[in-house]
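Please read the following account alongside the sequence and the structure, taking the charged side chains as the starting point and moving outward from there.

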Amino acid sequence: MKVLQLRNLLVILLLTISSVSCKSDDSATAINTTFSQDEINNMKFMVEEEKVALDVYDALDQKWGLNVFNNIKQSEQNHFDTMKNLLERYTISYQVSTEKGVFYNADLQKLYTDLIAKGSISIKD
């Protein structure tokens with residue numbers, strides 16, 4: 001199972017790198033790639049997982065006003081945008097809430113809630 005997940009992540013990473021390095025001409029759209037349902041599900045999960053990270057660091061930045069949270073938030077925005085672009089490039093439909101702190105995946109919703117609760121206790125936690 002772990003080997004399959006690692007392989008899927010490697011494929012996604014390679015596709016992401018190729019999508020970033022391709023020029024915006026017609027040659028970029030000539031790539032014909034098919035994904036397994038597991039790979040598609042992993043990419044859909046990853047985009048929402050990146051939103052969790054983005055929303056957590058955004059909330060902590062708002063609460064504590066420290067540069068470290070803002071810097072990480074910017075990185076998480078890049079990760080989120082990269083995953084969205086990858087899904088859109090290969091016309092894979094996905095669902096992500098536009099509302100901060102709201103997630104369709106129940107496990108990710110719980111993770112967000114737990115991280116916000118822990119991060120709101122004190123700056124040290």
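In this model, which is predicted rather than determined by experiment, a network of salt bridges links D58, D61, K73 and K100. Side chains of opposite charge can pair when their charged atoms come close. Within the network, the side chains of D58 and K73 meet in a salt bridge with a distance of 3.3 Å from N to O. Because D58 belongs to helix 2 and K73 to helix 3, this pair ties together parts that are 15 residues apart in sequence. D58 counts as buried, since its relative accessibility is 9%, and K73, with a relative accessible area of 14%, is buried as well, because the cut-off for that class is under 20%.

The count of salt bridges comes to 5 for this model, and two further pairs can be followed within single helices. The side chains of K51 and D55 form a salt bridge of 2.6 Å, again taken from N to O; both residues lie in helix 2, where they are 4 residues apart, or about one turn of the helix. K51 is buried, and D55 is buried too. The other pair consists of K110 and D114, whose side chains meet in a salt bridge at 2.7 Å, N to O. Because K110 and D114 are 4 residues apart in helix 4, about one helical turn separates them. K110 is exposed, with a relative accessible area of 52%, whereas D114, at 38%, is partly exposed. The pair in helix 2 is thus made of buried residues, while the pair in helix 4 joins an exposed residue to a partly exposed one.

These helices can now be placed in the chain as a whole. The protein chain has 4 helices and 0 strands, so that, read along the sequence, the pattern is α-α-α-α. Buried residues account for 31% of the 125 residues in the protein chain.

How are the helices arranged with respect to one another? Two packed helices are described by the angle between their axes and the distance between the axes. For helix 2 and helix 3, the axes come within 8 Å and cross at roughly 160°. Angles over 145 degrees count as roughly antiparallel, and helix 2 and helix 3 are therefore roughly antiparallel to each other. The crossing of helix 2 and helix 3 is left-handed. This is also the pair of helices that the salt bridge between D58 and K73 ties together. A further point of reference for the chain is given by E49 and F80, which are 31 residues apart along the chain and whose C-alpha atoms are separated by 8.4 Å. E49 is located in helix 2 and counts as partly exposed, with 34% relative accessibility.

Helix 2, which covers residues 37-64, also meets helix 4, which covers residues 106-119: their axes come within 10 Å and cross at roughly 20°. Since angles under 35 degrees count as roughly parallel, helix 2 and helix 4 are roughly parallel to each other. The crossing of helix 2 and helix 4 is right-handed, whereas that of helix 2 and helix 3 is left-handed.

Which residues make up the nonpolar patch on the surface? L66, V68 and I123 form this patch, with an area of about 230 Å². L66 lies in the loop between helix 2 and helix 3, and, with a relative accessible area of 35%, L66 is partly exposed. V68 is found in helix 3, which runs over residues 67-89, and counts as partly exposed at 44% relative accessibility. I123 is 57 residues away from L66 along the chain, and yet the C-alpha atoms of L66 and I123 are separated by 9.5 Å.

One backbone feature remains to be described, and it concerns the loop between helix 3 and helix 4, where T91 is placed. Most residues other than glycine have a negative phi. T91, although not a glycine, has a positive phi of about 45°. T91 is exposed, with a relative accessible area of 72%.

Key: Residues are numbered from 1 along each chain as its sequence is written. This is a predicted model: local features need pLDDT of at least 70, side-chain atom pairs count only at pLDDT 80 or more; totals for chains, interfaces and linings use all residues. Side-chain values use heavy atoms; hydrogens and water are left out. Patches are made of residues with over 30% relative accessible area and no salt bridge: like charges are joined within 9 Å, nonpolar side chains (Val, Leu, Ile, Met, Phe, Trp, Tyr) within 5 Å. Accessible areas come from the Shrake-Rupley method with a 1.4 Å probe; for residues, only the protein chains shown count as cover. A salt bridge is a side-chain nitrogen of Lys or Arg within 4 Å of a carboxyl oxygen of Asp or Glu. Helices (H or I, at least four residues) and strands (E, at least two) are DSSP runs, numbered from the N terminus. Buried means under 20% relative accessible area, exposed over 50%, partly exposed in between (1.4 Å probe, protein chains only). Axes are lines fitted to C-alpha atoms, for helices over the stretch in contact, and angles run from 0 to 180 degrees between N-to-C directions. Angles under 35 degrees count as roughly parallel, over 145 as roughly antiparallel, 65 to 115 as roughly perpendicular and the rest as oblique. A crossing is left-handed if the near helix is turned anticlockwise from the far one by less than a right angle, and right-handed if clockwise.
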